[in-house]
Amino acid sequence: MSDMSEIRNVFIQVIEKPARKVIIKRGIKADEYFSYCEEVGCDVWGLLTSIKSISGEPVCMWLPENMRKPVTNVYVQGVEVEENYDEPVPEGFEVIELPATTFLLFRGEQFEDEDYVAAINEIWDAEKKYNPEFIGYKWDESNPRIQLEPRGERGYIELVPVKKNK
């Protein structure tokens, strides 16, 4: 196991995502990956990878209050599809629409796969410390935060929604 206590870089980039739909599977109580898998099963990811995604891979999202249903959780897994997507949706899944959104993409350095928890925590710490006002933005609580699969060869990646500071 490697020691991740040395100084490591977190890269931050502004990206734009177009209006799109997301095919998601909701749960009831889950607020992160492990509780989600416990609740809905770990086979959701495999099914999502079979759906052609505009982002090239499934995503995990923390939905803001305005996108949750009264008895559903904050954390979901899904796949982003074109805004005009009208194919069948797997049983137990639903389609939600997301507006065009600006995100700050936080990406950590490469890591050994077994160190994924430390890599995730590294990005979460960076997000907590970062003030988007330095670059003319503020956090956007009306859009979901997006988590990509933690893969060591590319670094851990999260997208946090922002909007122009007026």
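This is a walk through one protein chain, from its overall layout down to two of its glutamates.

A quick word on ground rules: the model is predicted, and local features need pLDDT of at least 70, side-chain atom pairs count only at pLDDT 80 or more, while totals for chains, interfaces and linings use all residues. Residues are numbered from 1 along each chain as its sequence is written, and side-chain values use heavy atoms, with hydrogens and water left out.

Let's start with the big picture. The chain holds 3 helices and 9 strands; here helices (H or I, at least four residues) and strands (E, at least two) are DSSP runs, numbered from the N terminus. If you follow the sequence along, you meet them in the order β-β-α-α-β-β-β-β-α-β-β-β. The chain is as compact as a globular protein of 166 residues, because its radius of gyration is 16 Å, close to the 15 Å from the globule rule. That radius is taken over C-alpha atoms, and the rule is 2.2 Å times the number of residues to the power 0.38. Along its principal axes, the C-alpha trace spans about 45 × 45 × 30 Å.

What about inside and outside? Of the 166 residues, 46% are buried, where buried means under 20% relative accessible area, exposed means over 50%, and partly exposed is in between (1.4 Å probe, protein chains only). Contacts (heavy atoms within 4.5 Å) tell you how the chain folds back on itself: among those with a separation of 6 or more, 79% join residues 24 or more positions apart.

Now zoom in on E158, which sits in strand β9 (residues 157-164). E158 counts as buried because its relative accessible area is 0%. Its contacts, leaving out residues up to four places away in sequence, include W62, L104, F106, I123 and Q147. Two more of these neighbours, W124 and R145, deserve a closer look. The E158 side chain makes a polar contact with the side chain of W124 at 2.4 Å, and another with the side chain of R145 at 2.8 Å. A polar contact is a pair of N or O atoms within 3.5 Å; within protein, one must be able to donate a hydrogen and the other to accept it, and residues adjacent in sequence count only if both atoms are side-chain atoms.

Our other stop is helix α1 (residues 33-40). At its start, a side-chain oxygen of E32 reaches to within 2.8 Å of the backbone nitrogen of F34. After α1 comes G41, with a positive phi near 100°. Within this helix you'll find E39, which is partly exposed, with a relative accessible area of 31%. Setting aside neighbours within four places in sequence, E39 is in contact with G27, I28, K29 and A30. With A30 there is a polar link: a polar atom of the E39 side chain lies 3.1 Å from the backbone nitrogen of A30.
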